[in-house]
Amino acid sequence: MSDLVPILAAVCALAAAVARLPRWKAAESRPFTIGLALLAVWAMLRTPAINGSANEMSLPSGHFESIPGLIADVALVGAGALIGVTVADAWGRALLKRAFYLGLIAVEAALLLTYDPLHPSYVTIQTHNWILALSGIAVNGAVLVASTLSYRTVPAPFRLPLSLFMFGGLSGLALAVLRVVTLLRPEGPQVNSWSPMVSIPIFGFALGSLIASARMRKYALQDIDG
């Protein structure tokens with residue numbers, strides 16, 4: 001089950017990205033499409049069986065994490081920032097949109113600087129984990145707030161996709177908070193595998209996007225027929 005859930009999440013996210021390709025020419029559509037593809041990369045690389053095999057091939061056991069793990073973390077942060085860009089763009093907040101792009105550069109740089117698999121230290125590992133946790137709070141919090149405030153203004157057929165985005169933001173925020181709690185209480189219970197749980201918000205974003213894409217095609221065809 002721990003392998004099946006993230007694989008299904010990766011398939012859903014990739015399918016959602018492919019469904020958005022007809023709108024690739026629209027610049028405002030590209031960040032979310034790329035973000036979905038990055039979520040698929042994360043889910044696939046973080047599937048326990050795949051992640052374990054990749055780590056064994058990349059580095060001897062006992063090290064902090066291998067290159068596939070770093071790629072997964074970079075993909076997750078990139079996806080979060082691009083989803084944030086999409087939310088800011090839809091909300092008409094140009095300053096917030098630029099902030100997400102600048103945050104993307106800063107956070108990705110911080111992840112690379114704190115990645116030292118051959119000589120890991122407590123400081124670099126904790127910094128790496130805190131970056132992921134705080135980034136998750138910022139992005140998912142923005143998605144949840146923007147989706148909630150926009151709910152009554154969107155056309156009725158698109159409220160279900162928006163509700164799924166709200167679910168994705170809420171569940172992602174809850175997981176980010178849980179990550180913070182585990183970091184603050186290292187002596188307490190810890191999560192053995194994050195990938196099945198992080199797959200939950202991925203399902204929300206992917207299914208919301210798939211439904212929205214289908215309904216946009218439906219209304220486009222109705223306009224043509226009319």
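This passage walks through the aromatic rings, the nonpolar cores and a few well-connected residues of a predicted model.

Let's start with the aromatic rings. A pair of such rings is described by two things, the distance of the centres and the angle of the planes. Searching the whole structure turns up two aromatic pairs. One of them is made by Phe32 and Phe165, which meet edge-to-face, with 5.6 Å centre to centre and 80° between the planes. Phe32 belongs to helix α2 (residues 30–45) and Phe165 to helix α7 (residues 159–184), so this pair ties together parts that sit 133 residues apart in sequence. Both Phe32 and Phe165 are buried. Phe165 then turns up again, in a pair with Phe205 that is tilted: here the rings are 6.4 Å centre to centre, with 35° between the planes. This pair, too, links distant parts of the chain, since Phe165 is in helix α7 and Phe205 is in helix α8 (residues 195–225), 40 residues apart. How buried are these two partners? Phe165 has a relative accessible area of 18%, and Phe205 has one of 6%. Because the cut-off for buried is under 20%, Phe165 counts as buried at 18%, and so does Phe205 at 6%. Put the pairs together and Phe32, Phe165 and Phe205 make up one aromatic cluster.

Rings also come with charged company in this model. Arg159 lies over the face of Tyr151, 5.6 Å from the ring centre. Arg179 does the same kind of thing with Trp194, lying over the face of that ring at 4.6 Å from its centre.

Next come the nonpolar cores. The largest one has 31 residues, and Leu36, Leu39, Ile202 and Phe205 are those with the most contacts inside it. Which helices help to build this core? At least two residues each come from α1 (4–19), α2, α4 (67–90), α6, α7 and α8. Apart from this core lies another, of five residues, including Val77, Leu111, Ile131 and Leu132.

Leu36 gives a good view of the surroundings in the largest core. Leaving out residues up to four places away in sequence, Leu36 touches Ala13, Ala16, Ala17, Arg20, Phe205, Ala206 and Ser209. Two of these partners deserve a visit of their own.

Take Ala17, which is found in helix α1. Ala17 is buried, with a relative accessible area of 7%. Residues up to four places away in sequence aside, Ala17 touches Thr33, Leu36 and Ala37. As for Leu38, 21 residues from Ala17 along the chain, the C-alpha atoms of the two are separated by 9.4 Å.

Then there is Ser209, a residue of helix α8. Ser209 is buried, with a relative accessible area of 1%. Not counting residues up to four places away in sequence, Ser209 touches Ala16, Arg20, Phe32, Leu36 and Phe165. That list brings back the rings from the beginning, as Phe32 and Phe165 are both in the aromatic cluster.

Finally, a look at helix α6 (residues 122–150), where Leu144 lies. Which residues does Leu144 contact, neighbours within four places in sequence aside? The partners are Met166, Gly169, Leu170 and Leu173. Leu144 and Phe167 are 23 residues apart along the chain, and their C-alpha atoms are separated by 7.8 Å.

Methods
Residues numbered from 1 in each chain as written. Predicted model: local features only at pLDDT ≥ 70, side-chain atom pairs only at ≥ 80, totals over all residues. Heavy atoms only, no water. Phe/Tyr/Trp six-rings, centres within 6.5 Å; stacked < 30°, edge-to-face > 60°. Helix = DSSP H or I, 4+ residues; strand = E, 2+ residues; numbered from the N terminus. Buried < 20%, exposed > 50% of the residue type's maximum accessible area, 1.4 Å probe, protein only. Lys NZ or Arg CZ within 6 Å of the ring centre and 35° of its normal. Contact = heavy atoms within 4.5 Å. Core = buried A, V, L, I, M, F, W, Y, C linked by side-chain atoms within 4.5 Å.
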